Amino acid sequence: MALTKTKDGKTYELIRFPMKTMNITQGNNGQFSHQGVNALDIAGKDAGIDPTFAPCKMVIKRKEGYGQGNAVFAESVDPVMFADGTVDYAKFMFLHDNYTGDFAVGRVFQQWEEFGDEGTAGYATGNHCHFEVAKGKLVWDKAGAGYGYYGRNNSTGVWHLQDSISADKACVVDGVTIKNGNGMAWKKSSEVKTGSSGIKWTAENGTATFTRNNIRIHEDGPTGKVISGVQYNAGQSVRYFAKCAYKGHRWVKYRRANGGIGCVAVSGSEKHGVDPWATFK
């Protein structure tokens, strides 16, 4: 079990990479079937079928049919620590296991418990596991950008797990043999920089219309990388699904057109109603 303790004394499971051998055959924004999305195709140690393992204590929420690659959606039972040092619930999508009848929706797997296999179910040319990870809980969506637990990149048309992030921001690689890491910034648990117990988000659906200019957009959350070349100005709006107070500002987060998460400050103070930068409805 991979555990870490934050500065406030709380202990969390670190998300583990879901296979014992990492051999990435297609990475994020891959030209074959990952255009514009965060997703990995992972082959094992050879051309055979290697098992997959639960990245954390997780519960199976849904299984799709063979034509959808036997997609399996799972969610962490408790908040977990991501490799980028943040704490949140985690959600996962796995594809291509040839047979998923050996576990049911609602079954809970402990961290690093074997639960599936590589395979070729659906649209796959060789044994592998298609893996996606995101922050937060799974939300069933029929009327929004996608349907079910999927999102869709509007520019490429590729379906993906809602809000998926790069897996190296989520998973640690303790005990993993790396044959091909796709040049990504993989970390071991000892390299994860932990802070406090994390940003406390409150679920809320609304529209924020900005009243000032040059509001920068961050990836994933307030501590995420600033997205260069784009910003919000007075009169523009964003439909958000969560809010928080953090380091001198109030923030909202929302789904971007490319399927990722954007986060913007809507106030110059952490106190509600003080120095607002937007109006809300």
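This report walks through one strand and its partners, one pocket, and the aromatic rings of a predicted model.

## Strand β18 and its neighbours

Let's start with β18, the strand that covers residues 215-219. Four of its five residues are buried, so the rest of the structure largely encloses this strand.

β18 has a partner in β19, a strand made of residues 226-232, and the two run antiparallel with three bridges between them. If you look for H218, you'll find V226 of β19 standing opposite. Six residues sit between the two strands of this hairpin, and D220 is worth a glance there, with a positive phi near 75°.

β18 also pairs with β22 (residues 261-267), again in the antiparallel sense, this time over two bridges. H218 turns up here too: its bridge partner in β22 is C263.

## The second largest pocket

Next, a pocket. The second largest one in the model has a volume of about 590 Å³. Its lining is made up of 29 residues, and those closest to the centre are S33, L95, H96, Y123 and H130.

Which strands each supply at least two residues of this lining? They are β3 (21-26), β4 (40-43), β10 (90-95) and β13 (129-135). Sorted by class, the lining of this second largest pocket comes out as 15 polar, 12 nonpolar and two charged residues.

## Aromatic pairs

Now for the rings. The structure has 16 aromatic pairs. One of them joins F53 and W112, whose rings are stacked, with 4.6 Å from centre to centre and 25° between the planes. F53 belongs to strand β5 (residues 51-53), while W112 is in the loop between β11 (108-109) and β12 (114-117), so this pair ties together parts that lie 59 residues apart in sequence. Are these two residues buried or exposed? Both F53 and W112 are buried.

There's also a cluster to pick out: F92, F94, F103, F109, F115 and F131 are linked by ring pairs.

## Charges over rings

Finally, a couple of charged side chains sit over rings. K137 places its charged end over the ring of Y89, at 4.4 Å from the ring centre. R255 does likewise with F241, where its charged end lies over the ring, 5.1 Å from the centre.

Terms used: Residues numbered from 1 in each chain as written. Predicted model: local features only at pLDDT ≥ 70, side-chain atom pairs only at ≥ 80, totals over all residues. Heavy atoms only, no water. Buried < 20%, exposed > 50% of the residue type's maximum accessible area, 1.4 Å probe, protein only. Pairing = 2+ DSSP bridges. 1 Å grid on protein atoms, 1.4 Å probe; cavity = no way out; pocket = protein on both sides within 12 Å on 5 of 7 lines; lining within 4 Å. Points joined across faces, edges and corners; volume = space filled by probe spheres on them. Nonpolar A, V, L, I, M, F, W, Y, C, P; charged D, E, K, R; others polar. Phe/Tyr/Trp six-rings, centres within 6.5 Å; stacked < 30°, edge-to-face > 60°. Lys NZ or Arg CZ within 6 Å of the ring centre and 35° of its normal.
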